Amino acid sequence: MPNPPFPGSRLAPRLVLALLAPWAALAGEATPHPLWPDPDAARPRWEAGIAAGGGHVADYPGAGQSHTRGIAVPVFIYRGPVLRIDGDGVRGRVFDHPDIHLDLAATAAFSARDNDARRGMPSLDYLVGIGPQLVYTGWRDQPGSPTLHLQWRGLISTDLKQAHGRGFTVSPAVRWRWRMPALRHATLSLSVQPTWASAPLQRYFYEVPAAHATADRPAYRARAGYLGTEIAL
């Protein structure tokens, strides 16, 4: 079971059909801060709502089998002068620099308990990752205002009863965004993100111990290295 060329959508699942509930503005206006020029200064300081979505999602990166999944989660937005929580993650202004931001980004993935390629092997539990993200925004005057993201995420798997460390990933990414004048508040985005993973995560997905080897599934020892590339539109 060689490492796949593409990570699919388990590690950083993209919910294909998203229905975002209208935000309920519940507090006063945000206050501009000299270290954080705020184009949304007139918007509420904090908001709350619900995000729901679903899609046909690969069981794990590179899996040949997918399942239809759905999720609904509460969403909280806070537009503070130094700390921000929004659709881009948890962000804190720790550098006095207009083009460099340090964020705290998180990711989550569904479990895989009915995958034919892993029949007879332990199921894959829910996966949760969190870690810092360094963002460079100095190309804002270029078409699409590209941003560079350097991400590191530590990962754990859990069956909601116990948790296990699964190593980490390192991902540089470039993202572009174009405003859609014909649609208010709409944005077209494109991102390219290659990912490298430590040995514990590669083994979690792809290792086949001798005890679980079959005629169609030979024993395989996974190693740290390139995991795959995600292209999202």
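The exercises below, each with a worked solution, concern a predicted model of a protein.

**Exercise 1. The overall build**

Task: Work out how many helices and strands the protein has, and where the helix stands in the order of elements.

Solution: Begin by counting the elements, which gives one helix and twelve strands. Next, read the order from the N terminus on, which is β-β-β-β-β-β-β-β-β-β-β-α-β, with the helix just before the final strand. Then turn to the contacts: among those between residues at least 6 apart in sequence, 61% join residues at least 24 apart. Finally, consider burial and surface: of the 233 residues, 37% are buried, while the protein exposes about 13400 Å², of which carbon and sulfur atoms supply 63%.

**Exercise 2. A stacked aromatic pair**

Task: Decide how the rings of Tyr60 and Phe205 are arranged, and whether each residue is buried or exposed.

Solution: The count of aromatic pairs in the model comes to eight. In one of them, Tyr60 and Phe205 lie 6.3 Å apart, centre to centre, with 15° between the planes. Because planes under 30 degrees apart count as stacked, this pair is stacked. As for position in the chain, Tyr60 sits in the loop between strand S3 (46-58) and strand S4 (66-79), whereas Phe205 belongs to helix H1 (residues 199-206), so that the pair links parts of the chain 145 residues apart. For burial, the cut-off is under 20% relative accessible area; Tyr60, at 4%, is therefore buried, and Phe205, at 0%, is buried too. As a last step, note that Tyr60 and Phe205 belong to one aromatic cluster, together with Tyr204 and Tyr206.

**Exercise 3. An edge-to-face pair and a surface patch**

Task: Classify the aromatic pair of Trp196 and Tyr226, and find which residues make the nonpolar surface patch of about 460 Å².

Solution: The ring centres of Trp196 and Tyr226 are 5.8 Å apart and their planes stand at 65°. Since planes over 60 degrees apart count as edge-to-face, the pair is edge-to-face. Trp196 lies in strand S11 (residues 187-197) and Tyr226 in strand S12 (residues 225-232), so the pair ties together parts that are 30 residues apart in sequence. Turning to exposure, Trp196 has a relative accessible area of 39% and is partly exposed, and Tyr226, with 36%, is also partly exposed. The patch itself is made by Trp152, Phe168, Val170, Trp196 and Tyr226. Of these residues, Trp152 has its place in strand S9 (residues 147-158), and its relative accessible area of 37% makes Trp152 partly exposed.

Note on methods: Residues numbered from 1 in each chain as written. Predicted model: local features only at pLDDT ≥ 70, side-chain atom pairs only at ≥ 80, totals over all residues. Heavy atoms only, no water. Helix = DSSP H or I, 4+ residues; strand = E, 2+ residues; numbered from the N terminus. Buried < 20%, exposed > 50% of the residue type's maximum accessible area, 1.4 Å probe, protein only. Contact = heavy atoms within 4.5 Å. Areas by Shrake-Rupley, 256 points an atom, 1.4 Å probe, with all protein chains shown as cover. Patch = residues over 30% accessible without salt bridge, like charges linked within 9 Å, V, L, I, M, F, W, Y side chains within 5 Å. Salt bridge = Lys/Arg side-chain N within 4 Å of Asp/Glu carboxyl O. Phe/Tyr/Trp six-rings, centres within 6.5 Å; stacked < 30°, edge-to-face > 60°.
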